[in-house]
Amino acid sequence: MRPDVETDPGSAPLEMGDKDLTQILAHVIAEVRGSVNKDINGAELLYSLLNAPWLHSLLKVYECLQRHLKGPARPYLSYSSGLSLQILSDLLAVQNPSNEARELYALLSHPHLQALLSAHDTVSLRDYEPDLPPLPKDLPEDEEAMRIVCLVKNNQTLGATIRRDDVTGEIYIARVIHGGLADRSGLLHAGDRLVEVNGHPVFGLEPEQIIQILARSHGTIMFKVVPITDRPVNNQTMLYVRAMVDYNPHVDPSIPCADAGMAFRKGDILEIVDQSDTLWWQAVKLPSISACAGLIPSTSLLNRKQKELWWAQPYHPHTCVKTLSTVDEEDDMIAIDEKCVEADEEAFESEELKDEESEFSTNVEGIYLTGFRRSLRLCRRWRGQAFGTSQFCTLRCPTSCYSSLANPYEEVVRYQHHPEHPHRLIALLGPSGVGVNELRRRLIEINPKVYQGAVPYTTRPPKCHEESGREYHFISREQFDTMVCNHRFIEFGELRGHLYGTSVDAVKDVLASGKICVIDIEPYALESVRTAELRAYVIFIKPPTVEQMKRTRMNSHIITNYYSSRPFKDEDFQEIEDAGRNMEQHYCQFFDHVIVNDGLQSACVQLLTAVRRAQDEPQWVPAAWIRPADQS
Ligand SMILES: Nc1ncnc2c1ncn2[C@@H]1O[C@H](COP(=O)(O)OP(=O)(O)OP(=O)(O)O)[C@@H](O)[C@H]1O
């Protein structure tokens with residue numbers, strides 16, 4: 001228990017009567033100002049907090065109340081007796097009221113405050129106790145161990161499940177759902193033996209028959225139970241997880257009670273409120289609209305289910321898991337379309353030059369916009385064409401391919417980026433042609449001193465106007481290979497005999513300079529950016545409907561696989577929509593935010609807001625990013 005008041009005998013207590021709070025605050029602010037000048041850590045923040053206008057307004061109101069409530073003894077005041085009305089009438093009676101008294105009068109006369117206080121008065125006077133029937137008089141003496149529980153039935157479910165012991169025929173409370181009617185009563189517990197429901201003995205009945213009795217009952221329901229003797233103590237800590245899979249209890253034949261189950265989708269944040277059963281946990285979906293939890297399969301159960309499902313699927317050999325030793329296959333793949341490539345050779349060279357020229361023209365405020373080279377994006381397209389985008393994306397990276405199988409729930413924590421830490425990486429993701437790079441470029445152009453792309457690496461030789469570290473980091477194939485072996489690439493690919501890649505170090509360089517690094521990635525790179533090191537905030541750029549794209553992209557051009565650009569065709573829009581749907585279906589659990597790129601301006605504003613929110617507001621992030629590895 002806290003002591004009533006603690007005083008430090010060495011310092012004189014502050015007399016509220018001598019100095020008012022505003023004076024004290026002014027004194028504290030002056031002290032803190034001194035600390036700000038001395039550059040003491042955190043002083044700036046404290047100073048701005050203490051200077052906040054709302055704090056000063058609050059103190060004013062507090063002081064008015066203090067002054068008003070002082071003085072001659074007054075009768076006991078309570079909200080239920082109409083505190084605001086009483087103060088109002090007292091204030092009215094004051095002769096020559098001060099400015100503060102006038103302000104307080106205005107505040108208390110505000111209709112919203114009046115309505116709030118009046119609602120409080122009404123509620124506090126009401127009696128909400130249920131009207132319970134008297135206890136039965138003829139209770140036999142050998143029934144001391146019984147508990148009579150009366151619950152008032154409303155349109156909520158009881159929030160408990162029952163089971164029948166097939167050997168003895170006894171009926172037991174199987175589980176009490178967290179936050180449900182039975183749980184809130186605190187009178188029914190898992191393991192209690194049910195003897196009667198509304199006077200009907202339940203011994204030997206089927207659970208369905210008991211449910212029928214309950215369904216027919218109205219008003220108060222009386223349960224006679226033999227309480228469980230050794231009730232397990234619930235000492236579990238709260239656990240928050242992100243669902244990596246979809247779940248629907250109504251198509252799960254193994255769930256003990258489908259009605260008590262809770263459906264969830266990939267990406268949902270779940271608060272696990274009960275893990276006492278190894279197979280069936282209880283959880284609430286956040287943000288929570290209901291206090292009542294639902295049953296969900298535990299990690300081990302879900303793993304088992306997924307493995308069964310996985311074994312039931314036809315076998316796909318991992319033909320396109322790529323390492324450097326298999327790069328030749330990629331060359332073969334490119335050669336399939338060699339005729340087209342040769343036909344476009346000239347266009348390729350001249351368009352590449354155009355591309356470079358356009359990059360120079362996007363040099364804003366003397367800052368070069370990096371990371372907009374098309375080669376890496378074209379590598380992706382070639383691969384996508386050869387393997388079928390989704391197949392390539394998952395098979396390329398075997399760990400991410402099965403990560404949802406290994407981990408159907410990802411433990412998460414609420415994380416607020418610390419102003420002194422490097423910013424979170426912003427990773428944009430979307431189907432080719434949806435406008436990922438257009439949005440990224442626009443964001444960086446808004447403020448290139450704040451936002452920046454990462455300089456890619458390549459094994460191609462530099463051109464005369466290029467500088468290493470500006471357009472690209474130019475490195476040898478051996479150096480590139482070493483970086484690949486050391487997992488230094490977020491993603492990489494090969495185009496026309498040259499390797500291109502975005503490295504973790506290039507991103508870290510931008511972050512270390514204090515800027516926000518904004519890159520675009522393919523789905524398979526998600527695993528490389530969702531790390532404690534980069535703490536990526538993933539934004540999915542979603543295509544609008546085909547009709548909307550036709551309207552908004554009338555004057556836009558798509559870059560083809562051969563570097564030339566041409567106006568969008570109807571089939572391009574259909575492809576973008578299909579690829580977007582596919583991507584969302586497979587990877588939505590990793591998206592922190594989704595922006596529909598309909599109108600460019602509005603999408604850009606949404607992007608700016610999302611990027612700021614990622615740095616300034618608390619977000620759910622994997623617990624492993626925050627917790628040292630040996631604790632997880
Ligand atoms: N909302 C929009 N309205 C009109 N045009 C748009 C919009 N978003 C993007 N565009 C245009 O669509 C074209 C393709 O966009 P962008 O180059 O950004 O595609 P991408 O998603 O980066 O795909 P890729 O990497 O394959 O090029 C560009 O000409 C761009 O200006």
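1. Contacts of V507 and the nonpolar cores. In this predicted model, V507 is in contact with L425, A454, I490, C517, I519 and L534, once neighbours within four places in sequence are set aside. V507 belongs to the largest nonpolar core, which has 55 residues. Together with L425, I426, A427 and C517, V507 touches the most other members of that core. Another core lies apart from it and comprises 37 residues, including L158, I173, V225 and L295. In soluble globular proteins, nonpolar side chains tend to be buried together.

2. Overall make-up. The chain has 632 residues, of which 27% count as buried. Its secondary structure comes to 23 helices and 23 strands. Among contacts with a separation of 6 or more, 66% are between residues 24 or more positions apart.

3. Confidence. The mean pLDDT of the chain is 77, and 69% of the residues reach 70 or more. Over residues 316–362 the pLDDT is below 50, although this stretch has 33 contacts in the model beyond near neighbours in sequence. Residues 386–405 likewise have a pLDDT below 50, and that stretch has 34 contacts beyond near neighbours in sequence. Where pLDDT is low, the predicted coordinates should not be read in detail. For the complex, the predictor gives an ipTM of 0.98 and a pTM of 0.68.

4. The ligand shell. Which residues are closest to the ligand? They are S432, G435, V436, N437 and E438, out of 19 residues that surround the ligand. By class, the shell divides into six nonpolar, 10 polar and three charged residues. Helix α16 (436–446), strand β20 (557–559) and helix α22 (600–616) each supply at least two residues of this shell.

5. The four-stranded sheet. An open sheet of four strands follows the order β15-β14-β17-β16, and its pairing is mixed. The edges are held by β15 (473–474) and β16 (489–495); each has a single partner strand, so one side of each is left without a neighbour in the sheet. The pairing of β16 with β17 (residues 498–503) is antiparallel and extends over six bridges. Within this pairing, F489 has S503 of β17 as its bridge partner. I490, one of the contacts of V507, falls within the span of β16.

6. Strands β7, β8 and β9. Strand β7 (residues 239–243) runs antiparallel to β8 (residues 269–274), the two being joined by four bridges. V241 has L270 of β8 as its bridge partner. Strand β8 also pairs with β9 (residues 280–286), again in the antiparallel sense, over five bridges. Here the bridge partner of L270 is K285 in β9. L270 is therefore a bridge partner of both V241 and K285. The connection from β8 to β9 is a hairpin of five residues.7. A cis peptide bond after β9. L286 and P287 are joined by a cis peptide bond, with omega of about -5°. P287 is found in the loop between β9 and β10 (294–297). Most residues other than glycine have a negative phi, and most peptide bonds are trans.

8. Positive phi values. Two residues other than glycine deserve a check of their backbone angles. The phi of N198 is near 50°, and that of H487 is near 55°. N198 is placed in the loop between β4 (193–197) and β5 (200–201), whereas H487 is found in the loop between α17 (477–485) and β16. Are these residues exposed or partly exposed? N198 counts as partly exposed because it has 16 C-beta neighbours inside 10 Å. H487 has 9 other C-beta atoms within 10 Å, so it is exposed.

9. The surroundings of V61. V61 has its place in helix α3 (residues 53–69). With 14 other C-beta atoms within 10 Å, V61 is partly exposed. Leaving out residues up to four places away in sequence, V61 touches L104 and L107. The C-alpha atoms of V61 and E103 are separated by 8.2 Å, while the two residues are 42 apart along the chain.

Note on methods. Residues are numbered from 1 along each chain as its sequence is written. This is a predicted model: local features need pLDDT of at least 70, side-chain atom pairs count only at pLDDT 80 or more; totals for chains, interfaces and linings use all residues. A nonpolar core is a set of buried Ala, Val, Leu, Ile, Met, Phe, Trp, Tyr and Cys residues joined through C-beta atoms within 7 Å. A residue is buried if 20 or more other C-beta atoms lie within 10 Å of its own, exposed if 12 or fewer, and partly exposed in between; C-beta atoms are placed from the backbone. Two residues are in contact if their C-beta atoms, placed from the backbone, lie within 7 Å. A residue is near a molecule or strand if its C-beta atom, placed from the backbone, lies within 6 Å of it. Ala, Val, Leu, Ile, Met, Phe, Trp, Tyr, Cys and Pro count as nonpolar, Asp, Glu, Lys and Arg as charged, and the others, Gly among them, as polar. pLDDT is the predictor's confidence in each residue, from 0 to 100. Two strands pair if DSSP finds at least two bridges between them.
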